[in-house]
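Trainee: Please choose a single part of this model and take me through it closely, keeping to what can be read from the coordinates. I would like the reasoning behind each assignment as well as the result.

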Amino acid sequence: MAKKSKKAKKKLPLAYKPIGFALGWTGGTVAGMAFQKTWKVIRKEDNAPDALDRDRGWGEILLAAAIQGAIFAVVRSAVDRAGAKAIERSTGTWPVPDNEGRD
């Protein structure tokens, strides 16, 4: 019986990968929408600057990139953590081995 439990624990990270991918994709979509709304509040503009926008200055482009990066990092961490906790609650096993992180 103990052997079966160890085998199930080894397979769980592999089974979690598609779930993690779907959660990441959804989280990215939510983060993109949150960034657009945040930029609209900050600058009263519909479109955030892109690094290749000729008419935008360095400060504006770097500010947008910093805000976007912060939002994506927070949303990604929240989605990853919520997904891992849900897997742990439903299976009793953390989806990633203790010695392995995302990065």
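Mentor: Helices here are DSSP runs of H or I with at least four residues, strands are runs of E with at least two, and the elements are numbered from the N terminus. On that basis the secondary structure of this protein, which is a predicted model, comes to two helices and zero strands. The part I would choose is the second helix, H2, together with the residues that it meets.

H2 has 34 residues, and the distance from its first C-alpha to its last is 49 Å, close to the 50 Å expected at 1.5 Å a residue. Just beyond its end comes Gly92, which has a positive phi, near 85°. The buried residues of H2 are Glu60, Ile61, Ala64, Ile67, Ile71, Val75, Gly83, Ala84 and Ile87, in a protein where 20% of the 103 residues are buried. An α-helix has 3.6 residues a turn, so residues three or four places apart point the same way. Ala65, by contrast, lies in H2 but is partly exposed, because its relative accessible area of 42% falls between the limits of 20% and 50%.

Several of those buried residues return in the largest nonpolar core, which has eight members: Ala31, Phe35, Trp39, Ala48, Ala64, Ile67, Ile71 and Val75. The elements that contribute two or more residues to this core are H1 and H2, and H2 supplies the largest share, with four residues. In soluble globular proteins, nonpolar side chains tend to be buried together. Ala64 is a useful residue to follow, since, with its neighbours within four places in sequence set aside, Ala64 is in contact with Phe35, Trp39 and Pro49. As for Ala65, its C-alpha is separated by 10.0 Å from that of Phe35, a residue 30 positions away along the chain. For the protein as a whole, 56% of the contacts with a separation of 6 or more are made by residues 24 or more positions apart.

Two of the partners of Ala64 deserve a closer look of their own. Phe35 and Trp39 are four residues apart in helix H1, about one turn of the helix, and each of the two is buried. A pair of aromatic rings is described by the distance of the centres and the angle of the planes. One aromatic pair is found in a search of the whole structure, and it is formed by Phe35 and Trp39, whose ring centres are 6.3 Å apart with the planes at 40°, so the pair is classed as tilted.

Charged residues also take part in the picture. Side chains of opposite charge can pair when their charged atoms come close. With the requirement that a Lys or Arg side-chain nitrogen lie within 4 Å of an Asp or Glu carboxyl oxygen, the count comes to five salt bridges. Among them is the one between Glu60 and Arg43, with N and O 3.3 Å apart, and this pair links distant parts of the chain, since Glu60 belongs to helix H2 (residues 58–91) and Arg43 to helix H1 (residues 2–43), 17 residues apart. Glu60 counts as buried because its relative accessibility of 15% is under 20%, whereas Arg43, with a relative accessible area of 36%, is partly exposed.

A second salt bridge joins the side chains of Glu45 and Arg56 at 3.0 Å, N to O. Glu45 and Arg56 are 11 residues apart, each of them in the loop between H1 and H2, and this pair too is one that links distant parts of the chain. Glu45 counts as partly exposed at 24% relative accessibility, and Arg56 is partly exposed at 22%.

Further along H2, Lys85 forms a salt bridge with Glu88, and their closest N and O atoms are 3.6 Å apart. Lys85 and Glu88 are three residues apart in H2, which means that about one helical turn separates them. Lys85 is partly exposed, with a relative accessible area of 33%, and Glu88 is partly exposed at 29%. Salt bridges with shared partners, in turn, join Arg43, Glu45, Arg56 and Glu60 into one network. Within H2, then, Glu60 takes part in that network, while Ala64, Ile67, Ile71 and Val75 belong to the largest nonpolar core.

Methods: Residues are numbered from 1 along each chain as its sequence is written. This is a predicted model: local features need pLDDT of at least 70, side-chain atom pairs count only at pLDDT 80 or more; totals for chains, interfaces and linings use all residues. Side-chain values use heavy atoms; hydrogens and water are left out. Buried means under 20% relative accessible area, exposed over 50%, partly exposed in between (1.4 Å probe, protein chains only). A nonpolar core is a set of buried Ala, Val, Leu, Ile, Met, Phe, Trp, Tyr and Cys residues joined through side-chain atoms within 4.5 Å. Contact means heavy atoms within 4.5 Å. Rings of Phe, Tyr and Trp (its six-membered ring) pair if their centres lie within 6.5 Å; planes under 30 degrees apart count as stacked, over 60 as edge-to-face and the rest as tilted. The expected span of a helix is 1.5 Å times one less than its number of residues.
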